[in-house]
Amino acid sequence: MTYSVELVTDDTAFAELAPDWARLYGRCAAATPFQNHAWLHSWWLSYGSRGRLRLLLVRDGRDLVAAAPLMRVRRPVPTLVPLGGAISDYGDVLVDDERGEEAVAALTEGLAAAARTALIDFREVRPGGAAERIYERWRGPRRRVSDSLCLELPAVPMDDLVARLPSAKAQRVRAKLRRLTALGVQRQVVRPEEVDTALRRLLELHRLQWQGRKVTSEHLRSRFCDHLVRSVGPMVRSGDAVVTEFRLGGDVVAVDLTLLSRRLAGGYLYGAHPRLRESKADVAVMLLDACAEHTRSGGRGTLSLLRGNEPYKHHWRPEPVVNQRLLLARRRTAPLLSATLCDVAARRRGKELLRRWRERGGDGP
């Protein structure tokens, strides 16, 4: 079987790929929500730079059977990196599960040709991701290093998540759930036609809940708002996202965005009014209860808490899962690989020194 390989660099052609991309996305079990066309294309509109788009497509006739959504960056070294950037928790390629290794081989060869004088740097690949198949077939210099830590729970009902906890802690969680009921907190899944308004409300509540505290600044920027509103609406309509509103006394006091794929559900972002905490409502318990509900159908096996090692996540006894960074070079670009590995090592050393300094009270008054 002979596959054709195409490199797309045109923004309009990217938009027109939506139907083909959706079919391929549905046939790739390893795909996460961050490989959804709506998410990637919207991200490109908000964050992309003209002339740097690199979409590698593999087709069998008209059927799209593999795709690598990439862009070219120049610093610190010339590199092809996944679309999605820092606001996406996972990066990967897409490969049709039914096409086997021939499609993987075609995509690998296409990547080698497209890279030319650039390094290929697949960031935040979840273990078991399709990009690992590219890595295994790569003939040139390659290295695998650890990337971000994600925490994962089994995709089971809330009662089962509570049952996994030690007895005393489980009792406290059940009391918090009863407290939410006693307060009259009600939740409702937002209809597709109301998603845009709900997302803007989510971001306003997110801004309010973090007022006066350190917050991810990107979440407060207009380009992020534009991206979220533009991408999540289509994802809700296709069943790849759920927006939930929480009401207290008739007022919306919290909004949650959960992203979905075949294998996992992940709570991506929420906004909660300080009124909830003032009412002694446990927002983390409230959100996890809603997220667990979204895993009941679809055969998903994982409820992901996504990136971050925050202490509150460990209350649920999650499994730590480390994303992978897959670096691929050709012989001529091997020095770029070496330079990148040196940079990785230096950054890790710097973080370790900073951690030790803080443990010794270095950031104290």
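Which element gives the most residues to the lining of the largest pocket? The answer is α11, which contributes six residues to that lining, and the report below begins with this pocket before turning to other open and closed spaces, a set of paired strands, the nonpolar cores and a few single residues.

The structure is a predicted model, in which local features need pLDDT of at least 70 and side-chain atom pairs count only at pLDDT 80 or more, while totals for chains, interfaces and linings use all residues. Residues are numbered from 1 along each chain as its sequence is written, and side-chain values use heavy atoms, with hydrogens and water left out.

## Pockets and a cavity

Rolling a probe the size of a water molecule over the atoms shows where empty space is left. On a 1 Å grid over the protein atoms alone, a cavity is a set of points where a 1.4 Å probe fits but cannot get out, whereas a pocket is an open set with protein on both sides within 12 Å along at least five of seven lines; lining residues have an atom within 4 Å of a point. Grid points are joined across faces, edges and corners, and a volume is the space filled by probe spheres set on the points. Helices (H or I, at least four residues) and strands (E, at least two) are DSSP runs, numbered from the N terminus.

The largest pocket holds about 1400 Å³ of space. Its lining is made of 46 residues, and those nearest its centre are Tyr270, Leu305, Glu310, Tyr312 and Lys313. Among the elements that give two or more residues to this lining are α7 (167–183), α8 (195–209), β11 (264–272) and α11 (283–293).

The second largest pocket has a volume of about 740 Å³. It is lined by 31 residues, of which Asp121, Arg123, Asp147, Arg325 and Arg347 are the closest to its centre. Here α12 gives the most to the lining, with seven residues.

The structure also holds one cavity of 30 Å³ or more, and the largest cavity has a volume of about 40 Å³. Leu7, Arg54, Leu56, Leu70, Leu80, Leu111 and Ala114 form its lining, and the elements that give two or more residues to it are β2 (53–60) and α4 (100–115).

The table gives the make-up of each lining by class, where Ala, Val, Leu, Ile, Met, Phe, Trp, Tyr, Cys and Pro count as nonpolar, Asp, Glu, Lys and Arg as charged, and the others, Gly among them, as polar.

| Space | Nonpolar | Polar | Charged |
|---|---|---|---|
| Largest pocket | 23 residues | eleven residues | twelve residues |
| Second largest pocket | twelve residues | eight residues | eleven residues |
| Largest cavity | six residues | no residues | one residue |

## Strand β9 and its partners

Strand β9 (residues 241–248) is mostly covered, since seven of its eight residues are buried, a word that stands for under 20% relative accessible area, with exposed for over 50% and partly exposed for values in between (1.4 Å probe, protein chains only). Two strands pair if DSSP finds at least two bridges between them. Strand β8 (residues 186–189) pairs with β9 in the antiparallel sense over four bridges, and Arg187 stands opposite Phe246 in β9. With β10, strand β9 pairs in the antiparallel sense over eight bridges, and Val243 stands opposite Leu257 in β10. β9 and β10 form a hairpin with two residues between them, and Gly249 in the turn has a positive phi of about 60°.

## Nonpolar cores

A nonpolar core is a set of buried Ala, Val, Leu, Ile, Met, Phe, Trp, Tyr and Cys residues joined through side-chain atoms within 4.5 Å. The largest one has 53 residues, and among those that touch the most other members are Val232, Val243 and Leu257. Its largest share, seven residues, comes from helix α9 (residues 222–237). Val232 is in contact (heavy atoms within 4.5 Å) with Val195, Leu199, Ala241, Val243 and Leu257, not counting residues up to four places away in sequence. A second, separate core of 29 residues includes Met158, Leu276, Val285 and Leu288.

## Single residues

Phi of Arg116 is near 50°, a positive value in a residue other than glycine; Arg116 lies in the loop between α4 and β6 and is exposed, with a relative accessible area of 58%. Leu306 also has a positive phi, near 60°, but its place is in strand β12, and at 5% relative accessibility Leu306 counts as buried. Finally, the peptide bond from Arg75 to Pro76 is cis, with omega near 0°, and Pro76 lies in the loop between β3 (63–73) and β4.
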